[in-house]
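Here's a walk through a protein model, going from one sheet outward to the whole chain and then to its partner. Keep the 3D view open as you read.

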Amino acid sequence: MTAPTRPTGAPQGLTTPVTAGIGASPLRPDGTAKVKGEFAYGSDMWTDDMIWGVTLRSPHPYARIRSIGIGPALATPGVYAVLTHEDVPGSKFYGLEIVDQPVLAVDTVRYHGEPVALVAADHPEIARQAAKRIRVDYDVYEPITDAREALGHPRWNQVHNAPGKVSELSRERAVLHPQGNLVRHLKLRKGDPGPVADVVVVGEYEVGMQDQAFLGPESGLAVPAEDGGVELYVATQWLHVDQRQVCAALGLPPEKVRLTLAGVGGAFGGREDLSMHIHACMLALHTGKPVKMVYNREESFFGHVHRHPAVMRFEHGASRDGTLVYVRAQIYLDGGAYASSTPAVVGNAGTMGIGPYVVPNVQIDAYGAYTNNPPCGAMRGFGSVQAAFAHEAQMDKLAAELGMDPLDLRCRNAMTQGAEAPTGQVIDSAAPVEELLRRVQAMPLPPARSADGEVDLRDLPGGVANTTHGEGVVRGIGYAVAYKNVGFSEGFDDYSTARVRLEAVAGEAVATVHTAAAEVGQGLVTVEQQIARTELGVQRVMVHTKDTGVGSGGSTSASRQTYVTGGAVKAACEKVRDRALDVIQQRIGRLVPDLRLDGGKVVSPQEGVIGDLADLLGDEVIEETVEWHHRPTEAVDPETGQGFAHVQYAFAAHRAVVDVDTELGLIKVVALDCAQDVGKAINPQAVVGQIQGGSAQGLGLALMEEIQIKGGKIRNPSFTDYLIPTILDMPPMRIDVLEYADPHAPYGVRGVGEPPTISSGPAIVAAIRQATGLALNQVPVRPEHITGT
Amino acid sequence: MRITCTVNGEPQQADDVWEGESLLYVLRERLGFPGSKNACEQGECGSCTVYLDGVLACSCLVAAGQAQGRDVRTVEGLASGDELSGIQQAFLEAGAVQCGFCTPGLLVAAHDLIERQAEPSDAEIREALAGNLCRCTGYEKIMEAVRMAAAQRAEAS
């Protein structure tokens with residue numbers, strides 16, 4: 001970690017440099033409000049005359065709607081409105097990448113929990129009771145609940161080296177959308193199509209459906225405006241993509257749909273798609289009253305997309321010395337009823353499907369399918385998480401087959417800078433895969449459990465449930481690496497906008513940073529302040545409320561905000577600084593070479609301090625707005641998957657140590673250590689926080705988190721039945737942060753948020769395999785997978 | 001119905017409370033104390049944790065009527081004016097706050113722990129906070145914050 005950065009060439013000893021610039025870990029600007037309970041989340045929005053909105057959802061995964069009767073609901077005392085698809089003023093459909101999802105079901109429901117009608121009332125319970133009085137007459141269909149079945153593809157046991165052909169018959173029989181059930185097929189072809197190798201291992205893997213389980217439920221407040229528009233205060237990840245979709249549905253221009261970011265209680269991808277946004281606005285415009293909508297936890301499980309479950313078949317071929325010769329993979333991602341971001345998830349799973357290894361011959365087919373399962377879309381790790389469970393399991397399997405150490409096998413094939421990815425893209429910045437692995441390997445191991453010493457139940461699988469005193473408990477160690485693109489890919493014009501103002505306020509130079517980039521807990525607001533402090537040499541930096549009053553900040557996803565919005569803030573600060581220096585030189589009536597801003601002063605290397613920035617600015621207000629784009633990527637070739645698809649790659653490695661109670665199938669993760677290259681740690685404390693939090697979500701998917709679906713219906717929509725890691729489930733995590741600057745990125749930063757979620761789970765499963773000798777081809781690993789019962 | 005109780009030392013009254021409302025709902029929507037959070041509303045996540053007559057409770061599981069005449073202390077009652085309590089300051093400094101939605105409940109639970117126990121071990125901290133879910137941090141910085149606050153409290157006393 002480096003010390004706070006000073007602008008190059010700033011004279012020493014003349015000024016007190018700003019503190020809390022880049023490289024420091026200042027306190028969050030929203031932290032005090034958060035610890036005092038005063039920070040206003042979406043669910044805390046409140047106005048005097050607001051009413052409450054609720055959603056009626058489909059109890060069936062697949063049905064035709066014959067009729068909807070709203071009379072009794074509307075007649076309920078306290079009810080202001082009952083709305084259906086007939087009340088959608090504009091487009092009846094929305095979607096992130098493909099406009100296929102009804103705002104409210106029109107004539108068909110395609111998943112359990114699909115919104116059908118809305119109610120507004122003066123108490124949330126009255127609204128809920130009224131919603132139960134809406135009569136929907138359904139003609140229930142048999143749901144399609146398997147991605148391969150939806151595509152008409154045969155199961156693995158009927159197919160070997162190639163995926164089945166898409167059966168037109170099957171698609172005609174059960175087509176869920178007019179274009180068929182295939183959302184995207186990514187084909188990747190590199191090298192020899194028929195390679196042969198000395199040693200071949202084949203594996204089939206399944207990944208369950210994970211929920212983002214952010215703690216702050218979907219929520220917001222829509223306030224009708226006098227100009228016929230609406231103000232929406234909402235917890236989201238990308239205000240402008242929401243605005244675009246809300247405008248279309250309301251039939252209003254952007255200037256009449258103004259969004260402000262309400263406090264966001266976590267996101268992790270689950271707020272990329274709309275939830276209550278259009279619904280609350282419809283109710284507000286219909287009733288003329290502010291409408292608040294807050295999902296409860298059960299509704300939250302139905303109200304956002306999940307991580308795609310996957311079934312995958314991988315075949316790895318290597319020479320006797322452990323050099324990878326080829327990888328063939330088929331990856332099926334169940335997109336559920338609507339597309340959401342399935343095309344991009346398929347793109348990631350395919351283009352990064354083999355992990356950070358150099359392989360000359362690659363053949364990957366990644367499919368995203370429509371089914372009647374809940375819609376799936378973005379979640380931290382986005383396609384790479386699913387593939388990593390398979391490619392890392394394969395590396396261990398191959399190592400066992402070759403009689404090699406699994407780490408040595410990984411290092412022998414590890415990507416390095418200059419390596420060619422399966423897309424043909426050359427990795428043009430640091431790719432320290434081997435170093436990351438060796439660093440976690442070199443970390444101290446937790447002490448072995450003493451065989452005859454005092455037993456503390458809390459250290460054992462099962463804990464104080466007193467299920468074992470150590471008998472039947474075995475320990476294992478596993479490793480895995482992560483590989484993830486940063487930013488939006490495949491030719492998407494990915495940018496962020498920053499408006500920066502510099503002025504003197506009460507004798508002090510103050511900067512204000514205004515972006516629409518969503519703060520979801522990760523600490524972007526802190527990073528924005530740090531960059532402005534460093535670039536403008538002022539201590540006091542205000543972060544403007546996030547809203548659509550400034551251009552798009554892009555999505556808070558794909559580990560991209562410090563890179564892209566950080567880049568925009570940096571660029572806007574540079575323009576402001578240039579103008580400020582012009583103004584100052586005009587004011588003092590001469591040109592001063594190498595003039596700089598530092599510590600609230602205007603400084604020259606030759607002359608020292610010229611004066612206070614605040615004094616020299618006078619009443620001048622300098623404001624610049626910059627739209628900053630990262631370097632362009634390109635779409636991949638549809639037949640070969642070749643192309644410069646991704647702007648940046650990020651890497652992490654984990655080592656997990658587990659104790660497994662082989663009699664009961666209970667697992668305790670004893671240690672979960674990580675090394676990650678972050679390019680440049682703008683805020684080291686926040687970087688470590690991201691890595692630890694991301695690791696925890698990977699642990700969850702490996703061991704406990706799965707939305708259970710039967711016949712298209714979610715069986716566990718609660719925190720009683722959907723388990724996320726508690727403080728008892730999490731081990732101590734040692735984190736090693738590497739800073740190999742990426743020359744293409746502002747300050748050399750590399751995206752941080754996602755890689756740890758990708759490698760922590762596979763490392764844990766590898767450790768369980770090592771402890772038990774079991775194959776374990778499915779996550780989450782369940783007790784019965786261990787006990788065989 | 002009408003509910004009267006004490007919240008953070010001040011008498012409070014809520015009128016027209018529906019019998020099905022929870023203490024959490026009354027605090028948040030009727031009395032102007034939105035600090036306690038509504039993440040699961042079934043006692044699993046701990047984000048609504050308050051002191052009820054000095055004992056930790058999930059306010060989502062307390063019927064509003066049960067709070068009649070009782071003393072409630074919420075996250076809003078931990079600081080003295082602008083002066084944060086030790087555990088609040090430690091959460092800030094350790095980086096234990098990310099999205100912050102779990103923070104109010106964790107603060108109340110951790111406050112209770114370090115009031116009860118001078119120097120809790122890591123195992124004791126984990127046990128005491130096992131009823132509070134956090135999705136952002138992986139809990140490591142929460143552990144650091146509690147250790148820090150406990151040490152400072154032990155030093156001060």
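One bit of vocabulary before anything else: two strands count as paired if DSSP finds at least two bridges between them. Bear in mind, too, that this is a predicted model.

With that in hand, take A:C674, which stands opposite A:I735 in β32(A). Zoom out a little and you get the strands: β29 (residues 666–677) of chain A pairs with β32(A) in the parallel sense, and four bridges join them. As general background, the strands of a sheet pair through backbone hydrogen bonds, either parallel or antiparallel.

What order do the four strands of this open sheet take? In chain A they run β20-β28-β29-β32, with mixed pairing. At the edges sit β20 (473–486) and β32 (735–738) of chain A, each pairing on one side only. From one strand to the next, the twist averages 20°.

Now for the helices that go with the sheet. Helix α12 (residues 433–442) of chain A packs on it, touching β20, β28 (648–661), β29 and β32 of chain A. The direction of α12 makes about 30° with that of β28(A). Then there's helix α17 (residues 755–772) of chain A, which lies across β20, β28 and β29 of chain A and runs at about 155° to β20(A).

Next, the core. In soluble globular proteins, nonpolar side chains tend to be buried together. Here the largest nonpolar core holds 299 residues, and those touching the most other members are A:V119, A:A120, A:C281, A:V658 and A:I764. Pick out A:C281: leaving aside residues up to four places away in sequence, A:C281 touches A:A222, A:V230, A:L232, A:V246 and A:L250.

Step back to chain A as a whole. Its secondary structure comes to 18 helices and 33 strands. The radius of gyration of chain A is 27 Å, close to the 28 Å that the globule rule gives for 789 residues, so chain A is as compact as a globular protein of that length. The C-alpha trace spans about 80 × 70 × 60 Å along its principal axes, and 60% of the 789 residues count as buried. Among contacts in chain A with a separation of 6 or more, 80% come from residues 24 or more positions apart.

Last stop, the partner. The contact between the chains takes 48 residues from chain A and 43 residues from chain B. On the chain B side, the elements giving two or more residues are α2 (86–94), α3 (103–116), α4 (122–128) and α5 (140–156). Sorted by class, that side has 23 nonpolar, 13 polar and seven charged residues.

Note on methods:
Residues are numbered from 1 along each chain as its sequence is written. Chains are lettered from A and ligands numbered from 1 in the order in which they are written. Two residues are in contact if their C-beta atoms, placed from the backbone, lie within 7 Å. Ala, Val, Leu, Ile, Met, Phe, Trp, Tyr, Cys and Pro count as nonpolar, Asp, Glu, Lys and Arg as charged, and the others, Gly among them, as polar. A nonpolar core is a set of buried Ala, Val, Leu, Ile, Met, Phe, Trp, Tyr and Cys residues joined through C-beta atoms within 7 Å. A residue is buried if 20 or more other C-beta atoms lie within 10 Å of its own, exposed if 12 or fewer, and partly exposed in between; C-beta atoms are placed from the backbone. Axes are lines fitted to C-alpha atoms, for helices over the stretch in contact, and angles run from 0 to 180 degrees between N-to-C directions. The radius of gyration is taken over C-alpha atoms; the globule rule is 2.2 Å times the number of residues to the power 0.38.
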